[in-house]
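Work through these exercises with the structure open beside you. Each task is followed by a solution in steps.

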Amino acid sequence: MSGLLSCNMNDSWGNVCQPRQVQSTLNWRTDVLPAADKKLVVGNRRSYGDVCINDGGAIIDATGLNRFISFDKATGLVRCEAGVTLWQVAKLVVPHGWFLPVTPGTGFVTVAGAVANDVHGKNHHVAGSFGCFVKKFQLRRSNGDELLCSESENADFFAATIGGLGLTGFIGWVELALKPIEQSKMAVESVSYSTYEEFLALSGESEKTHEYCVSWIDCLDKSGRGVFFRGNHADEGGLDADLDTSKRSVPAVVGAGFPLVNRLSVNLFNAAYIRAHSGNRQYTETIAKFFYPLDSLLNWNRIYGRKGFYQFQCVVPQENTEILTEAFARISAANQGSFLSVLKTMGTITSPALLSFCRPGVTLAIDFPNRGNKTRQLLLALEELVMQAGGAIYPAKDATMSAATFEKSFPKLAEYTQFVDPAFTSSFWQRVNT
Amino acid sequence: MKNLLILGATSGISQAYLNRVADRCEKIVLVARSAEKLQQLGEHVSTLSKASVTTLVFDLADAKEHEKLMSKVTETMGAIDCALVSYGELTDQARCASDPAYAMEQFNLNGTSTVSLSLHLSNQLVKQGSGTLAVIGSVAGDRGRRSNYCYGAAKSAVESFLAGLRSDMQKHRVHVLTIKPGFVDTPMTSSFKKGALWASADKVAADIDIAITKKKSVLYTPWFWRYIMLIIKCIPEFIFKKLPL
């Protein structure tokens, strides 16, 4: 009963880690960092795997640090505490003609989380990653040092902390350069495609005309059918913050039970999704709907039941993307995969991050319901394919990659490691830092 | 609501409420004990809202200071459209038995001082002939339970007082709202294991916002606590005294 009633606030978004960790909170900028020698400060824990998990250590929840410090409406510089979410930022700045320069597919991530994972969005091909827009932040180290970091000040810590997975210390506050917008509505076009080659052609052509490009792909279809979405900020509609989505929630009982995701439900969903988006459609929609479609269904991760799910996201260089066709074949043969599979090309703009996942190529993200060993074996096979192609796996999504893969994925790892705070660690770090 | 006064502004519920309503206000006065926290909150509210934001450092448990506080407040904002009283501490029940002085201090913080403050505020609202006094009580005030009856008794005192005040204020067109939250996930309760009955401060703040706008008398938040407490109040004493509640 207590298992049913108590929510697992402890785990990451994928719910596969089930850690034992000592919890505490930070609520004010002046709060002292707990003295534990194996600690990790986390935000909303929207990472899927174990970068926001600290099994056997102390986990410090900084979501209480959710205040703004300043917002300059003329220059579009916003400074806020670590735990402010991207939703909060959007709600504050959109009515004044500004928007997040880069945003991932959920607004529930915190600003410091977005820095620590150097997240990317649908505009990577023209904007780069989140780290490209971070102007300054405060880094609190376990020895009591409070470092102001920017491109000109403590530049080494600046580069190590962006994409640094929260291990270089605690990011107390962040200053971010926003992007000006004229209108808050989005002009969107969806185009269905039936092969992976068509996706590449659509990407190439759309990236010249559209600021935001992303594609949903049917992961159980070997030929690679899917729907391509491309969008720009609309020419009319005014600056309406209209960011309130309906807040339905998947009940806790579902999260405690069996997964609702299986071959049958995925096939039915994918067929229906393709039918609903057949041909070419143009429409306008709100920022909330375009950028954060899943945020209107709270706790959607509960559809994967008690055992949770893995997410796999990789990027492979443009010249080796045939490996993705092979990956789809393996996924389909293994009868795994889920509703949400995303394919997108990434551009050449890089952030200062030493450990940025973002690099030119094609990135693929897929959810896998946790079926134990079967799923982990598939993940291992996919990992091998990515390594053959000279690609990388995204730590924010990962719960299984090997130390060797991590090292190969991030050539500046040795340089980064020097800046890791000796009192900070995570389950991810314990796994890959051997 | 143009002029908003928050007493105990750094509490989790106050902050969530401010996040919701700050941009609808013209003047906001924030009162709390810690200058450090108040400054951080002040910056935040000033960023969120075009309202003029004033912070006043006061120890609200000290009833002798209430008069001085009230004159500062009225000097700063003129008329008060809404005053939210939202300070207090969760009393350590186990400590009360061995430390009666602590129990009395807590009773003053959560109970008596709130009565004093409510009187000062309602006098001001009577002078204006309008306004809302919203006070955070607790479902714990509905019946003394062995796990937290010192806290519950203080809240109970406040709630009985408010029930009378509400009736008394009818003729002055002053609205008095008693807010009775259940388990709320805030820094005050950070050491508790959270379960299905727990609500976020934001959910509670949303309910408070509606109750103030609609001039409700008693708000249980989330709503189901009204029924849980109804059942708890109905249990006969000879059974109740044996329950480990």
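**Exercise 1.** Classify Lys215(B) as buried or exposed, then look at its backbone.

*Solution.* This is a predicted model, so start from neighbour counts. Lys215(B) has 10 other C-beta atoms within 10 Å. A residue counts as exposed at 12 or fewer. Therefore Lys215(B) is exposed. Next, the backbone: phi of Lys215(B) is about 55°, positive although the residue is not a glycine. Finally, the location: Lys215(B) sits in the loop between α7 (201–213) and β9 of chain B.

**Exercise 2.** Do the same for Leu165(A): is it buried or exposed?

*Solution.* Count first. Leu165(A) has 23 C-beta neighbours inside 10 Å. The cut-off for buried is 20 or more, so Leu165(A) counts as buried. Its phi is near 60°, a positive value in a residue other than glycine. Leu165(A) is found in the loop between α5 (155–161) and β9 (170–177) of chain A. For background, most residues other than glycine have a negative phi.

**Exercise 3.** Find the geometry of the peptide bond from Thr221(B) to Pro222(B).

*Solution.* Read omega: it is near -10°. The bond is cis. Then place Pro222(B): it lies in the loop between β9 (218–221) and α8 (225–234) of chain B.

**Exercise 4.** How do helix α10 (residues 322–333) and helix α11 (residues 373–388) of chain A pack?

*Solution.* Take the angle and the distance. The angle is about 170°, and the axes are 10 Å apart. Angles over 145 degrees count as roughly antiparallel, so α10(A) is roughly antiparallel to α11(A). Now list the residues in contact. α10(A) gives Ile323(A), Glu326(A), Ala327(A), Arg330(A) and Ile331(A). α11(A) gives Leu378(A), Ala381(A), Leu382(A), Leu385(A) and Gln388(A). By class, this contact has seven nonpolar, one polar and two charged residues.

**Exercise 5.** Check the span of helix α6 (residues 149–169) of chain B, and state what its buried residues pack against.

*Solution.* The helix has 21 residues, and at 1.5 Å a residue they should span 30 Å. The end C-alpha atoms of α6(B) are 29 Å apart, which agrees. Its buried residues include Cys150(B), Tyr151(B), Val158(B) and Phe161(B). The buried residues of α6(B) pack against α4 (93–98), α5 (100–128), β5 (132–136) and β6 (175–181) of chain B.

**Exercise 6.** How many residues does each chain bring to the contact between chain A and chain B?

*Solution.* Chain A brings 17 residues and chain B brings 14. On the chain A side, strand β4 (residues 68–72) gives the most, with four residues. That side divides into nine nonpolar, six polar and two charged residues.

Methods. Residues numbered from 1 in each chain as written. Chains lettered and ligands numbered in written order. Predicted model: local features only at pLDDT ≥ 70, side-chain atom pairs only at ≥ 80, totals over all residues. Contact = placed C-beta atoms within 7 Å. Helix = DSSP H or I, 4+ residues; strand = E, 2+ residues; numbered from the N terminus. Nonpolar A, V, L, I, M, F, W, Y, C, P; charged D, E, K, R; others polar. Axes fitted to C-alpha atoms, helices over the stretch in contact; angles between N-to-C directions. Parallel < 35°, antiparallel > 145°, perpendicular 65-115°, else oblique. Expected span 1.5 Å × (residues − 1).
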